[in-house]
Structure formats: structure tokens, C-alpha cells
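Work through the following exercises with the model open beside you, trying each task before reading its solution.

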Amino acid sequence: MRAVLLCLVMLSGFFGTGAAWGQDTQKELHVAAAADLQPVMPVLAAAYEHATGIKLVVSYGSSATLTTQILNGAPMDIFLAADFVFPEKVVAAGLSDMKQPTAYAKGALVLWARKDSPLQPISMDKLTDPRVTRIAIANEEHAPYGRAAVAALKKLNLYDKVSSHLVVAENIAQTAQFVESGNAQLGLISLTTANTPHFSQIGTYVRVPTVYPELRQCAVVMAKSEHRAEAHAFLDWLLTPAVQGNMSKLGLAAVQ
């Protein structure tokens, strides 16, 4: 992650420095970010602040929870969701200044287990291992990664076999916590989480076959934001070759 941050800082230097925004007052952007971005946003935020002097103040949650908060008037500048559907609801409600959400990355689903698990080496076949009694997934109603997990299990003809073992978390970050804590033996989590130094150290993963709908992660800028120009500039920055070229190191894929 440190190497990715250094690379982003170096490659995004053309955005200038914080001095361009004034020495005394630091601008802030309030970002609503899907839970799968919890390991990613600190890296991106540090690189963006270094490049522009603008601090990102990030609130995390499931895409559904964040959408509800925004629809209820939460003062956000930009919403980074884990799919297209939830930001589209913000657009439909007339709360975005954009005609449609903009994709900024693509996500991937993995099966993860602790290294000390008797189910190692991990494989998709372990989902039906008779020793497995608890499999963590995110709530499919609230989290796109949960919806993808259910879709994958059904497409692979596994859902009926494992449905009685499913432990449902509110979001993808909590799903990972269930497995880490031992409250579940296996977890269908985001690659962004599995790819972090912490989860790489304590566990291993395999990618779930891409039989689930594409996790095309999209963003919208809020119409009532007092910092719409800066929010659009941040979204433009996410789409630069410098950032897109490093998405794979963060557990995401470029949109182009």
C-alpha cells in the first residue's frame, strides 16, 4: 500500500500542491464511500491531499445505508458506491448534478479463510466441506458484494447446499470481520479487503469465478454540495491514467 501511495503521489504531481489552495484554510471534501473502499480510501486520500491540499473526510457504510442517508439529507459532496444501482437512486431523486453515475472502478469477489483454518488450502470446493457450518456474506439487500455473492452461489449451483450456513453481515467490511474473529469459517468478501497487508498476513483467498453481475463501482456528485467543482475534480482525478493504472494494486480494476 505504501508503494502504491508513493506511485500515486509521484504520478499525480500535475495537480499541483496544497499551496495553490491557500496556506491558512484547508478545503475538505465529504465522501460517502462503500465499505469495500475502507482499505483503499486512506491511500487515495493521502495521495490526493498531497497533490491538491484538499482533505477527504470519508464516511463508510453499505451502499444502501449511505444512499438512505443521502436521501435523508446527509451533507455529502460525493458518493462512491459499490455498484451502479444505488447512485442511480440518488440521481433519480434529483440529488445529483449528474445525469447518470460515473464508473470509477470495478470490483472482484473472493473466498477468504484464515491461515490457521483446517479448511486450508482454500478453494471453492471448501464451501461444501462437511466441516463448514458458517459462511459469511454481506446483506444482498444492502451491499452489492452481498448481491454478487448470492448470484455467484446460485450460478455455481451451491446456494441450496450452503444457504443454511450463511451468516449475513451488514456490509462487506463486517463480513470480513466475521471470518477474522472466528464467527464464520469462510467469507465471500471483496478483493480490496483480502488484498490488504493485514488480511494477506492472516488469511488466504481464491477469486470467485466471475459468474456474478459485474461490480461496476460508480460515483455521483451531490447537487447541493458547496464544493461541486472540487468534487468533480476529485472524480476526474480517480479516472486519470495514474490512478486507474494502480487500481489493481488496491484490489480493484480499471474501468477502461
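**Exercise 1.** Find which residues of helix α3 meet which residues of α4, and state how the two helices are oriented.

Solution. Begin with the contact itself, where contact means heavy atoms within 4.5 Å: Ser-63, Ala-64, Thr-67, Ile-70 and Leu-71 of α3 meet Phe-86, Lys-89 and Val-90 of α4. Helices here are DSSP runs of H or I with at least four residues, strands are runs of E with at least two, and both are numbered from the N terminus. Next, sort the contact residues by class, with Ala, Val, Leu, Ile, Met, Phe, Trp, Tyr, Cys and Pro counted as nonpolar, Asp, Glu, Lys and Arg as charged, and the others, Gly among them, as polar; this gives five nonpolar, two polar and one charged. Then turn to the geometry: α3 (residues 63-71) and α4 pack at an angle of about 10 degrees, and their axes lie 9 Å apart. Because of that angle, α3 is roughly parallel to α4, given that angles under 35 degrees count as roughly parallel, over 145 as roughly antiparallel, 65 to 115 as roughly perpendicular and the rest as oblique. The axes are lines fitted to C-alpha atoms, for helices over the stretch in contact, and angles run from 0 to 180 degrees between N-to-C directions.

A note on the source: this is a predicted model, in which local features need pLDDT of at least 70 and side-chain atom pairs count only at pLDDT 80 or more, while totals for chains, interfaces and linings use all residues. Residues are numbered from 1 along each chain as its sequence is written, and side-chain values use heavy atoms, with hydrogens and water left out.

**Exercise 2.** Trace the open sheet that contains β1, and name the helices that pack on it.

Solution. Strands pair if DSSP finds at least two bridges between them, and on this basis five strands form an open sheet with mixed pairing, in the order β2-β1-β3-β10-β4. At its edges are β2 (55-61) and β4 (102-107), each of which pairs on one side only. Neighbouring strands are turned by 20 degrees against each other on average, direction ignored. Looking inside the sheet, β1 (residues 28-34) and β3 (residues 78-80) run parallel and are joined by three bridges, with Ala-33 opposite Leu-80 in β3. Finally, add the helices: α4 (residues 85-92) touches β3 and β10 (215-221), its direction making about 25 degrees with that of β10, whereas α10 (residues 228-238) touches β1, β2, β3, β4 and β10 and makes about 30 degrees with β3.

**Exercise 3.** Do the same for the open sheet that contains β7.

Solution. The order of these five strands is β7-β6-β8-β5-β9, again with mixed pairing. The edge strands, each pairing on one side only, are β7 (166-169) and β9 (203-207), and the twist averages 30 degrees from one strand to the next. Strand β6 (residues 135-138) pairs with β7 in the parallel sense over four bridges, and Ala-138 stands opposite Ala-169 in β7. Helix α5 (residues 144-155) packs on this sheet, touching β5 (109-114), β6, β7 and β8 (186-190), and its direction makes about 90 degrees with that of β5. Helix α7 (residues 172-181) lies across β5, β6, β7 and β8, running at about 150 degrees to β8.

**Exercise 4.** Identify the cis peptide bond and the residue other than glycine with a positive phi near 60 degrees, and place each in its loop.

Solution. Start from the general expectation that most residues other than glycine have a negative phi, and most peptide bonds are trans. Against this, a cis peptide bond joins Gln-120 and Pro-121, with omega about 0 degrees, and Pro-121 lies in the loop between β5 and β6. Asn-157 has the positive phi, near 60 degrees, and its place is in the loop between α5 and α6 (159-162).
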